Amino acid sequence: MTPVSPKRRTLVSYALVVALVAVAVWFVVSRPVPTQPVAAPPTPTTPTTPTTPTTPTTPTAKTGQATTGRTTAARSAQPTSRADGTCLAGEPTRLVIPSLGVDAPFEGIGLDQEAPPDHEGRQPLGNPKDRTKAGWYEDGPRPGEGRGTVLTNGHTYRNNSAIFREDFASRIDTGQLIHLEQDNGSTCSYRIQRVWREVDAADDYPRIVQSERLYDFEGPERLFLATCGGSWNSAAQDYDQISMLIATPVGRD
């Protein structure tokens, strides 16, 4: 057996090392690198479509005429929110009448553009689309501003499914309190000074509104509230009368 020279032994060892390195490289490269799991993104929730208020099958009488006042954009900035019961100028969010057990949200209303105008070209005040809400005329004075008449109304339904019931005229009275909860956390309270019970919607109502200046946007602050009632006209599917009231602020500084 021929002895292996030291030089040749070195070359063989080197070749063996190179071969081992190559095998190791192949092993590492050929194996797939595991991917770190990624948390699945949250499934987007489909927004709930607001329920369209059901169109009343039993319409109420129109609640009079109102001239268009200033727009919402022209109103002054809201004061700092307070929840201590002090009345601060703002937009009403809830109507509370303790004597009637009424505690309902407000819905902004405008003029009824589909109704025929009066002899002076004015459109009647619209009604809330939701029978369970009170209406507030957004282009008129705001509660707490200290001037003008705050215009509000609401539906009466024969099946008592609306904000007011058919006994509204017999239960509402002078001296009772009405509270308007505001969007700024305050509450504006009013005491009823005068009630017109079940006046004729076609003739007496417009006359009283005109003579008593119930839609006056100037002068001292007042609250106006109206709802239909009285006798039911089957042919017109409507009430023939309207009850309304005027209330003045209480507890103001």
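Analyst: One term to begin with: a residue is buried under 20% relative accessible area, exposed over 50%, and partly exposed in between. And keep in mind that this model is predicted.

User: Okay, so why is arginine 207 called partly exposed?

Analyst: Its relative accessibility is 48%. That value falls between the 20% and 50% cut-offs, so arginine 207 counts as partly exposed.

User: What makes arginine 207 and aspartate 204 a salt bridge?

Analyst: Their closest N and O atoms are 3.4 Å apart. The cut-off is within 4 Å, so the pair qualifies. Both residues sit in helix 3, three residues apart, or about one turn of the helix. Aspartate 204 is partly exposed too, at 28%.

User: Why would such side chains pair up at all?

Analyst: Side chains of opposite charge can pair when their charged atoms come close.

User: How many salt bridges are there in total?

Analyst: Nine, going by that rule. Another of them joins arginine 147 and glutamate 218, at 3.6 Å from N to O.

User: What makes you say that arginine 147 and glutamate 218 tie separate parts together?

Analyst: Look at where they sit. Arginine 147 is in the loop between strand 3 and strand 4 (149–153), and glutamate 218 is in the loop between helix 3 (204–211) and strand 7 (222–233), so the pair links parts 71 residues apart in sequence. With 36% for arginine 147 and 49% for glutamate 218, each is partly exposed.

User: And how do you know that glutamate 221 is buried?

Analyst: Its relative accessibility is 5%. Buried means under 20%, so glutamate 221 fits. Its side chain meets that of arginine 252 in a salt bridge of 3.0 Å, N to O. Glutamate 221 lies in the loop between helix 3 and strand 7 and arginine 252 in the segment after strand 8 (238–250), so this pair ties together parts 31 residues apart in sequence. Arginine 252 itself is partly exposed, at 30%.

User: Then why is aspartate 130 said to have no salt bridge?

Analyst: The nearest side chain of opposite charge, lysine 133, is 4.3 Å away. A salt bridge has to be within 4 Å, so this pair misses the cut-off. Aspartate 130 is buried all the same, in the loop between strand 2 (102–109) and strand 3 (134–137).

User: What does the side chain of aspartate 130 have a polar contact with?

Analyst: The side chain of threonine 132, at 2.7 Å. The limit for a polar contact is within 3.5 Å, so that distance passes.

Definitions and conventions
Residues are numbered from 1 along each chain as its sequence is written. This is a predicted model: local features need pLDDT of at least 70, side-chain atom pairs count only at pLDDT 80 or more; totals for chains, interfaces and linings use all residues. Side-chain values use heavy atoms; hydrogens and water are left out. Helices (H or I, at least four residues) and strands (E, at least two) are DSSP runs, numbered from the N terminus. Buried means under 20% relative accessible area, exposed over 50%, partly exposed in between (1.4 Å probe, protein chains only). Lys and Arg count as positive and Asp and Glu as negative; His and the chain ends are not counted. A polar contact is a pair of N or O atoms within 3.5 Å; within protein, one must be able to donate a hydrogen and the other to accept it, and residues adjacent in sequence count only if both atoms are side-chain atoms.
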